[in-house]
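Biologist: Could you put the model up and talk me through it? I would like to start with how you count contacts.

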Amino acid sequence: MFKVERKGEEFRILTHNNEYCIGCGICVKVCPSKSLRLGPIVPIARGLIDMELVSINEATCVLCGLCAAACPFNSLSLIINGESITKLSNYPKWDILSIINEEKCIYCKRCYIACPREAIIFERYLPNSKDLVRGQIFIDEDNCIYCRMCEEMCPSQAIFLKYDNEYFQSKLDNTISVNRDKCIYCGVCKRICPEGAIKVICSTCTESDEIKDPIIEGKAYIIDNNCVNCTWCMNVCPVDAIDIVKPFKGIIEMIETEEVKCKGDACHACKDVCPCNAVEIIDNKAFTDPEFCNLCGACINACPQHIRYLNRKSMQLKNIESLSWKEYLNKLLEKN
Amino acid sequence: MVVKIDQDLCGHIDNCPMNGLCVKICEQGALIEEDNDVKIISEKCDDCNLCIQNCPNQAISKA
């Protein structure tokens, strides 16, 4: 985290939030005063050193805000007289999206599990299992020998035996009880009981008409600042409830030569820095899945062989009014 | 091909701003700490160049 502030005709504050930064180097690339520097992203990603991903030379920064406008991941922000430039009409804006349509969501949790950035807030409230089953269970305590076989085998952990030394002299004397909120009337206890002390009647099928369809409620939403628009969630969603628009369109490739080859498992720098979980090492070579790559470029800077190439064809950064800003921001579309 | 270390530039772990980052980043065990210094085990080097790229003193280069 750094903060540069200066008061002149306007009061400008530039802040970098390392928590949202992915070390892609987009800000470094567009900075016209060369005031930003990308840190050693591979050792940082591996947890070998504790450093900020980006640092700034305060003395040369002119607080223009190009870096803040170009950062698609909300890590940099420029505030002019108390207002963020993302809210000012004459500044560029990222026309990107990451949203879960809760009307379609079935709360299956697949997006939450797949998200590489922990960017999804997820909660779900499942019905009680007792509302989905019907039946009866009786335990004849006079015949129970407290062998605990039913307790150990009950798949829903609904049977409890308790030894109470205040009441019983022998540890063999217990009390046995069934938690009817948990019992599913499966009959395992009845079948395992060596004394025939348990009776279970399952009527779930015969009374199925009376059992209402379960209602599953919950919450699922994406925290914009943590999301890197990788589309993992969108791809794993079985009901098309998620819309993601990536910041760039284009291609990423690795071109090996006779002299320089991908070192695969020996290196895996690209995989370590990828915020999208888009890189896999297959047969000792790095493979980038274009489906999940957000074309951020972190791996390009990380590759010690310099054999990764990024060719962004278009970007979702809109409303670039100034010609000089356009010139600097278009650097993001240059081939590396 | 392996790497070489410029002894004048190298911080020899004690004076390295990142306390021997090359040793930590080399997963092949080709750079090890010995007698408070960095030792190269050439046979283990896989030419991944991670040490060259990440040395804070730019003391490592191709041999």
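Modeller: A contact here means heavy atoms within 4.5 Å. Please keep in mind that this is a predicted model, in which local features need pLDDT of at least 70, side-chain atom pairs count only at pLDDT 80 or more, and totals for chains, interfaces and linings use all residues. Residues are numbered from 1 along each chain as its sequence is written, chains are lettered from A and ligands numbered from 1 in the order in which they are written, and side-chain values use heavy atoms, with hydrogens and water left out.

Biologist: OK, so in chain B, what share of the contacts between residues at least 6 apart in sequence join residues at least 24 apart?

Modeller: In chain B that share is 60%, and for chain A the corresponding figure is 70%.

Biologist: What is the order of elements in chain B?

Modeller: Reading from the N terminus, chain B runs β-α-β-β-α-β, which comes to two helices and four strands. Helices (H or I, at least four residues) and strands (E, at least two) are DSSP runs, numbered from the N terminus.

Biologist: And how does its radius of gyration sit with the value for a compact globule?

Modeller: Chain B has a radius of gyration of 10 Å, which agrees with the value near 11 Å for a compact globule of 63 residues. The radius is taken over C-alpha atoms, and the globule rule is 2.2 Å times the number of residues to the power 0.38. Along the principal axes, the C-alpha atoms of chain B fill a box of roughly 25 × 20 × 15 Å.

Biologist: How many helices and strands does chain A have?

Modeller: Chain A has 10 helices and 20 strands. Its radius of gyration is 30 Å, well over the 20 Å that the globule rule gives for 336 residues, so chain A is more spread out than a compact globule. The C-alpha trace of chain A spans about 90 × 50 × 45 Å along its principal axes.

Biologist: Where are the domains of chain A?

Modeller: Domain 1 of chain A covers 2-92 and domain 2 covers 129-210, with bounds that come from an automatic or database domain assignment. The C-alpha centres of these two domains of chain A lie 63 Å apart.

Biologist: Switching to backbone angles, which sign does phi have in most residues other than glycine?

Modeller: Most residues other than glycine have a negative phi. A:Thr231, however, has a positive phi of about 75°, and A:Asn284 also has a positive value, near 65°.

Biologist: Where is A:Thr231, in a helix or in a loop? And is it buried or exposed?

Modeller: A:Thr231 is in the loop between strand S14 (217-222) and helix H7 (232-236) of chain A, and it is buried, with a relative accessible area of 4%. Buried means under 20% relative accessible area, exposed over 50% and partly exposed in between, with a 1.4 Å probe and protein chains only.

Biologist: And where does A:Asn284 sit?

Modeller: A:Asn284 is found in the loop between strand S17 (279-282) and strand S18 (285-288) of chain A, and at 39% relative accessibility it counts as partly exposed.

Biologist: Last one: what fraction of each chain is buried?

Modeller: Buried residues make up 41% of the 63 residues in chain B and 43% of the 336 residues in chain A.
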